[in-house]
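Visitor: I'd like a walk through this model, feature by feature. Could you give me the general idea each time, and then the case at hand?

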Amino acid sequence: MLAWTLHKLRFDQRTVAYTGHDISRLRARLAQRRRSIPGNSRKLHLGCGDRFVPGWLNCDVSGSEFDVDLAAGRLPFPDGSADAIVSQHVIEHLDLREQLIPLLRELHRVCGDDGRVWLSCPDLAKVCAAYLHDRGQALVEDRRRRWPDYSLGGAPVQHFINDLFQARGKHRNLFDFEILAWALGEAGFRSVKRVMEADLLAAHPDFPPRRDDLQSLYVVAAKTAAPAGN
Ligand SMILES: C[S@@+](CC[C@H](N)C(=O)[O-])C[C@H]1O[C@@H](n2cnc3c(N)ncnc32)[C@H](O)[C@@H]1O
């Protein structure tokens, strides 16, 4: 209702989106006090959007199987209760120090000793290199292959780079491997490995492919220093 009123009063899209998102976060936090965790939650898919993966507990801030505010600083799952956690294109939506590192600490707590955490996000290094290489033309072509309706609305091609950085106010930070590995290390993970989407799909073939390696960073993290695999 508040988001609708802001829209009617001609607030910009970013304010409308943020207000709606924050209201959803409030609802998710309040609802969590009343709900128990669905059974069979050893595989967590966090920030699932509309990609519900069978066999996983698909969580998002609203409209999911188990609504949760990932920026709340605390996850409602027991210690060591997950064998696998996947979160694709979500971490860039969180403030690095106030929200993301606390979330990664929670993933470390919830992940079992032999568990794996798979994360993906736009890759700061690939995005910057793409601007210097061809102002992002190849990334736009890649986006249109995957999302045929994608349009820059007539803006010059390099505006796509702005879109990746800001996503109309939804993105807070982009990450390269070094920043993400550092953040995971701060959260206690002892093994962080750069991988490709194919590695995630080989470990968990139930995930629908995004085919976004050209612009994305994929990592797998584990609690122990042993090489991170499946
Ligand atoms: C770009 S979408 C990615 C969706 C999906 N993972 C995919 O790969 O298509 C980002 C998702 O993160 C979710 N998200 C962002 N901030 C969140 C938060 N604080 N708590 C829970 N979900 C959040 C959004 O609701 C959205 O569904």
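Guide: We'll go from the overall fold to the domains, the core, the ligand and a few loop residues. This is a predicted model, where local features need pLDDT of at least 70, side-chain atom pairs count only at pLDDT 80 or more, and totals for chains, interfaces and linings use all residues. Residues are numbered from 1 along each chain as its sequence is written.

Visitor: How many helices and strands are there in the protein?

Guide: Helices (H or I, at least four residues) and strands (E, at least two) are DSSP runs, numbered from the N terminus. Here you get eight helices and six strands. Read from the N terminus, the order is α-α-β-β-β-α-β-α-α-α-α-β-α-β. The radius of gyration is 18 Å, close to the 17 Å that the globule rule gives for 230 residues, so the protein is as compact as a globular protein of that length. That radius is taken over C-alpha atoms, and the rule is 2.2 Å times the number of residues to the power 0.38. Along the principal axes, the C-alpha atoms fill a box of roughly 50 × 45 × 30 Å.

Visitor: Into which domains is the protein divided?

Guide: Bounds come from an automatic or database domain assignment. In this case they give domain 1 (1-34) and domain 2 (41-222), with 23 Å between their centres, taken over C-alpha atoms. Contact means C-beta atoms, placed from the backbone, within 7 Å. By that test, twelve residues of domain 1 meet eleven of domain 2. The side of domain 1 that touches domain 2 has four nonpolar, four polar and four charged residues. Those classes are Ala, Val, Leu, Ile, Met, Phe, Trp, Tyr, Cys and Pro as nonpolar, Asp, Glu, Lys and Arg as charged, and the others, Gly among them, as polar.

Visitor: Which residues have the most contacts inside the largest nonpolar core?

Guide: First, burial: a residue is buried if 20 or more other C-beta atoms lie within 10 Å of its own, exposed if 12 or fewer, and partly exposed in between, with C-beta atoms placed from the backbone. A nonpolar core is a set of buried Ala, Val, Leu, Ile, Met, Phe, Trp, Tyr and Cys residues joined through C-beta atoms within 7 Å. The largest one has 51 residues, and Leu44, Ile85, Leu107 and Val117 have the most contacts inside it. Strand 6 (residues 216-222) gives the most to this core, with six residues. Leaving out residues up to four places away in sequence, Val117 touches Ile85, Leu107, Cys111, Val220 and Ala221. Across the protein, 30% of the 230 residues count as buried.

Visitor: How many residues surround the ligand?

Guide: A residue is near a molecule if its C-beta atom, placed from the backbone, lies within 6 Å of it. There are 14 around this ligand, the closest being Gly47, Gly49, Val61, Leu70 and Gln88. By class, the shell has five nonpolar, five polar and four charged residues.

Visitor: And backbone angles: what is the phi of Arg10 near?

Guide: Most residues other than glycine have a negative phi. Arg10 has a positive value, near 65°. It is found in the loop between helix 1 (2-8) and helix 2 (13-32). Arg211 is not a glycine either, and its phi is positive at about 55°. Arg211 is in the loop between helix 8 (197-203) and strand 6.

Visitor: Why does Arg10 count as exposed?

Guide: Because 7 other C-beta atoms lie within 10 Å of Arg10. Arg211 is exposed too, with 12.

Notes. Contact = placed C-beta atoms within 7 Å.
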